[in-house]
Each structure stands twice: as structure tokens, then as C-alpha cells.
Amino acid sequence: MVFFTTVLLGNSYPYFTNKDFIYIQKNSGTIAKNRVQDYQKTITSYETISKDMQLSKVNLYLNQLLPQHDTVIQNKEDYWASPKEFLATGFGDCEDYVIIKYFTLIKLGFNKERLFFTTAKEKYIGGYHMVLSYFKDDAKPPLILDNLSFRILSLEKRKDLEADLFINTNGIFKIGTNHKLTKVKKSSPKFEKLIKKIQKEN
């Protein structure tokens with residue numbers, strides 16, 4: 001999916017121009033255009049509130065997007081949609097929620113080095129899940145933003161999750177004692193592919 005948008009500086013992504021709105025309405029319909037416009041207006045309204053409130057409101061607002069499996073939306077397994085793709089379709093799986101929350105928080109001024117895509121094992125129901133981790137304070141467990149929960153809790157309080165990998169622009173990490181991260185790989189191919197796709201959208 002290609003969006004006709006200007007090159008943006010700083011951490012303004014995702015941002016939509018009038019040309020984007022016209023393109024989205026033509027290809028995805030009026031509901032999609034309205035959803036994207038509402039996102040842009042809503043996130044802009046969060047710019048003046050505290051970081052704690054931003055965290056809570058972003059999680060609450062984006063969790064209202066509807067969940068759907070990749071094979072239904074993109075006809076692909078484990079497809080990582082960009083925020084613009086997710087907003088245009090209106091549906092996504094756990095990875096897509098993590099991606100859009102990650103970039104939305106960076107857009108609002110959060111430090112990207114404290115935000116991590118986090119794969120986790122679901123202890124009680126089995127299978128793997130992805131959430132967004134935010135290390136607000138050093139030597140404390142990260143806060144977890146989860147599309148399956150409107151509450152933001154620390155990792156130690158999420159007894160249902162066993163965190164595995166923490167991924168961001170600096171590489172892939174494991175969490176250890178005192179909630180410190182140890183780098184285990186230089187980069188994530190999927191993360192790098194996502195970044196390249198987003199760069200093409202700008």
C-alpha cells in the first residue's frame with residue numbers, strides 16, 4: 001500500500017496529508033478516511049497532557065481498533081503492518097497494535113530507546129503474544145501496553161505473561177535480574193524490514 005505523503009522531519013510519523021485522506025477514501029472508503037482523521041486529531045490533542053496520561057490514553061484509544069488475524073487481513077502469516085496500513089484497514093493482530101503504539105508514543109515525545117516490541121509466552125492459555133514494553137524507570141520492571149487489556153501494568157504484575165525477547169532499534173535483548181536488558185542479537189530482520197517499509201511511506 002503506497003501513501004502519497006511528504007517527507008517528514010523528526011518524530012512526526014505517522015502523519016497524514018490531505019492527499020493521503022483523498023487516497024484512503026478512494027481505496028479504502030469513507031469510514032477508513034474518518035478513522036485516520038480521528039486518529040490524527042485525537043493524538044494531536046494528547047500533546048499537552050502528562051506522559052503518564054499520554055501512555056494511558058494511547059493504549060485505551062488504539063485498543064478500540066478491531067483485532068483480526070493476518071491471514072484474514074493481508075492473506076499472509078505474521079505480517080507486520082505499518083501504522084498507516086493498520087489505520088487504513090482498521091483491523092490488526094497483536095503485532096500491529098504494538099507497532100502503532102510504539103510509533104504513536106515516539107510521535108508524542110517518548111524516548112524510543114525505552115520502548116520495546118516484546119514477545120511473550122501466555123502462561124495460562126498457551127501460545128505466544130506480543131506487547132509493547134515501556135521502561136519508565138531504571139531498575140524497575142517495564143510497563144506493559146497490551147491490546148488484550150485496557151490496564152497498563154508492570155511486567156511483574158502480569159502473571160499471565162513470560163517475557164521472552166525485547167526488540168527495538170538497538171537490537172534484540174533478554175531481560176535479567178534487576179530488570180536489566182542484555183543484548184543477544186544485533187538486529188531483528190522483521191523490525192528492519194518494517195522500518196524500511198515505513199521509510200518508503202514517507
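How many residues lie between β3 and β4 in their hairpin, and which residue in the turn has a positive phi? In this predicted model, the two strands are separated by five residues, and Gly126 is the turn residue with the positive phi, at about 80°. The pairing behind this hairpin is antiparallel and runs over seven bridges, with β3 covering residues 115-122. One facing pair is Thr119 and Met130, the latter sitting in β4.

Strand β4 itself spans residues 128-134 and is mostly covered, with six of its seven residues buried. Besides β3, β4 has β5 (residues 143-146) as an antiparallel partner, this time through three bridges. Here Ser133 stands opposite Ile144 of β5.

Stepping back to the whole chain, there are seven helices and nine strands. The chain has 202 residues, and 45% of them count as buried. As for contacts between residues at least 6 apart in sequence, 53% of them link residues at least 24 apart. The accessible surface adds up to about 10900 Å², and carbon and sulfur atoms account for 53% of it.

Nonpolar side chains tend to be buried together in soluble globular proteins. In this chain, the largest nonpolar core holds 39 residues, and the members touching the most other members are Tyr39, Tyr102, Leu105, Leu115, Phe117 and Leu132. Quite a few elements chip in with at least two residues each: the helices α1 (18-28), α2 (30-45), α3 (51-62), α5 (83-89), α6 (94-107) and α7 (189-201), plus strands β3 and β4. The largest share, nine residues, comes from α6. Tyr102 gives a feel for how this core is put together: leaving out residues up to four places away in sequence, Tyr102 touches Leu115, Phe117 and Leu132, along with Lys112, Asn168, Thr169 and Phe191. There is also a second, separate core of nine residues, among them Ala120, Val131, Phe135 and Phe166.

Helix α2 is worth a look of its own. With 16 residues at 1.5 Å a residue, α2 should span 22 Å, and its end C-alpha atoms are indeed 22 Å apart, so the expected and modelled values agree. The buried residues of α2 are Ala32, Lys33, Val36, Tyr39, Gln40, Thr42 and Ile43. An α-helix has 3.6 residues a turn, so residues three or four places apart point the same way. The buried residues of α2 pack against four other helices, namely α1, α3, α5 and α6.

Two polar residues in loops turn out to be covered. Arg158 belongs to the loop between β6 (149-154) and β7 (161-168). Its relative accessible area is 9%, under the 20% cut-off, so Arg158 counts as buried. Apart from neighbours within four places in sequence, Arg158 is in contact with Ile144, Asp146, Ser149 and Leu153. With Asp146 there is a polar contact, side chain to side chain, at 2.9 Å. As for Ile144, the C-alpha atoms of Arg158 and Ile144 are 8.2 Å apart in space, with their positions 14 residues apart in sequence numbering. Asn63, in the loop between α3 and β1 (66-67), is the other one. At 7% relative accessibility, Asn63 also falls under 20% and is therefore buried. Asp146 and Ser149 turn up again as contacts of Asn63, whose list beyond four places in sequence also takes in Tyr97, Lys101, Asn147 and Phe150.

Finally, a few backbone oddities. The peptide bond from Tyr13 to Pro14 is cis, with omega near -5°, and Pro14 is in the segment before α1. Further along, the loop between β8 (171-175) and β9 (181-185) holds Asn178, which has a positive phi of about 60° despite not being a glycine. His179 sits in the loop between β8 and β9 as well, again with a positive phi of about 60° and again without being a glycine. What sets the labels for their exposure is the relative accessible area: Asn178, at 53%, is over 50% and so counts as exposed, whereas His179, at 26%, falls between the 20% and 50% limits and so counts as partly exposed.

Definitions and conventions. Residues numbered from 1 in each chain as written. Predicted model: local features only at pLDDT ≥ 70, side-chain atom pairs only at ≥ 80, totals over all residues. Heavy atoms only, no water. Buried < 20%, exposed > 50% of the residue type's maximum accessible area, 1.4 Å probe, protein only. Contact = heavy atoms within 4.5 Å. Polar contact = N/O pair within 3.5 Å; in protein donor to acceptor, adjacent residues only side chain to side chain. Pairing = 2+ DSSP bridges. Areas by Shrake-Rupley, 256 points an atom, 1.4 Å probe, with all protein chains shown as cover. Core = buried A, V, L, I, M, F, W, Y, C linked by side-chain atoms within 4.5 Å. Expected span 1.5 Å × (residues − 1).
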